[in-house]
Amino acid sequence: MTRRLLAALAPLTFVVAADPALAAPQHAPATPVAVTWRPSSPHIGDVAIVRVDGPGDGASVEGAVGGRPLAFFRDGRGYAALVGFDLELKPIHEAWWVEVREAERPLRQVRGRLRVRGRDFPVQRLTLPGGLVNLDPDTEQRAVAEARALQAVYRSITAERLWRGAFVRPVGGEEPGSGFGARRIINNQPRSPHGGTDYAAPRGTPVVSANDGHVALVAEYFFPGRLVVVDHGLGLYTLYFHLDEVHTAVGERVARGQPIGSVGSTGRATGPHLHFGVQLGGARVDPERLLALPALD
Ligand SMILES: [Zn+2]
């Protein structure tokens, strides 16, 4: 591995000690706060972990990147948040800040800038029956209403983290998913990019929840077909589209690896496969990046 590549993979850490001049005499000595981004320079479509080490139990940790709030949770080591970089975000330097409040201690704030890098996505040309592409006005209206309903689900934030450990593949097999971010040209017309990854699998193959959560939506929509959306808390959702059968219901608690349905080709699908999507803080991110995260307790 080259030195440059190693440097790119190394996490970026910012450390700040509270300014003693700001501390009133009765304040306990403040431990330094270290903020680490992994990866240190994420690509669009990535899931990054921002870690805040130093504050003890009961601290209030808040922050934002590019104006989007960070949802911190406590884990074994300190405080952490998952951050999504939408697949259509422009490569840019984004400003971030983290603020730590602890009883009897001065407020501590760390600021920085994060380089968000671009990524080349493949171009996918598809030919589909005209009726699935050029919609009649009623179907168009239905598809728009359904897209809005999905957005409303993704935008609602459950304040509690429901997931633990590592995320698992929603279907068996070894073949990686394909097509995330593909710029799609359907019947020679440019369409919105592919927001998830597709796993080819025979009809009826069990589909499992990628982690613990509760079922936020079960529906049958024009494009996604029969679908399940699982809410993992703190703005993280996993999406399972084109299902043949659904074996869960809205509001049900599901565990990591629990069957929630089976692979099908309902909705706009050229054959049986699972479309697996991930929404994080409203960003469409690469599901493979979520599956590759280290286990967090
Ligand atoms: Zn798909």
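Which residues point one way from β7, and which the other way? Select strand β7, residues 79–84, in this predicted model. Tyr79, Ala81 and Val83 point to one side, while Ala80, Leu82 and Gly84 point to the other; all are buried. The strand is accordingly described as mostly covered, with six of its six residues buried.

**The partners of β7**

Next, add strand β3, residues 47–53, which pairs with β7 in the antiparallel sense over six bridges. To locate the register, display Ile49, which stands opposite Leu82 in β7. Then select strand β6, residues 73–74, also paired with β7 in the antiparallel sense, here over two bridges. Arg74 has Tyr79 in β7 as its bridge partner. The connection between β6 and β7 is a hairpin of four residues.

**A four-stranded open sheet**

Move now to the open sheet formed by four strands in the order β5-β4-β8-β9, with antiparallel pairing. β5 (68–69) and β9 (108–116) stand at the edges, each with a single partner strand, so one side of each has no neighbour in the sheet. To examine one edge, select β4, residues 60–65, together with β5: the two pair in the antiparallel sense over two bridges. Within this pair, Ala64 stands opposite Pro69 in β5.

**The largest nonpolar core**

Select Val50, Val52, Phe72, Ala81, Leu227, Val228 and Tyr240, which touch the most other members of the largest nonpolar core, a set of 59 residues. Strand β17, residues 236–246, supplies the largest share of this core, namely seven residues. Domain 1 (3–116) and domain 2 (123–291) both contribute residues, so the core lies between them.

Centre the view on Val228. Leaving aside residues up to four places away in sequence, Val228 touches Val215, Val218, Tyr240, Leu243, Val246, Thr248, Ile260 and Gly261.

**The whole chain**

Zoom out to the full chain, whose secondary structure comes to three helices and 21 strands. Of its 297 residues, 35% are buried. Among contacts between residues at least 6 apart in sequence, 68% join residues at least 24 apart.

Finally, colour the chain by pLDDT. The mean is 90, and 90% of the residues reach 70 or more. Two segments deserve a separate selection. Over residues 1–10, pLDDT stays under 50, and the model has four contacts beyond four places in sequence for this segment. Over residues 18–25, pLDDT likewise stays under 50, with seven such contacts in the model.

How values were computed: Residues are numbered from 1 along each chain as its sequence is written. This is a predicted model: local features need pLDDT of at least 70, side-chain atom pairs count only at pLDDT 80 or more; totals for chains, interfaces and linings use all residues. Two strands pair if DSSP finds at least two bridges between them. A residue is buried if 20 or more other C-beta atoms lie within 10 Å of its own, exposed if 12 or fewer, and partly exposed in between; C-beta atoms are placed from the backbone. Two residues are in contact if their C-beta atoms, placed from the backbone, lie within 7 Å. A nonpolar core is a set of buried Ala, Val, Leu, Ile, Met, Phe, Trp, Tyr and Cys residues joined through C-beta atoms within 7 Å. Domain bounds come from an automatic or database domain assignment. pLDDT is the predictor's confidence in each residue, from 0 to 100.
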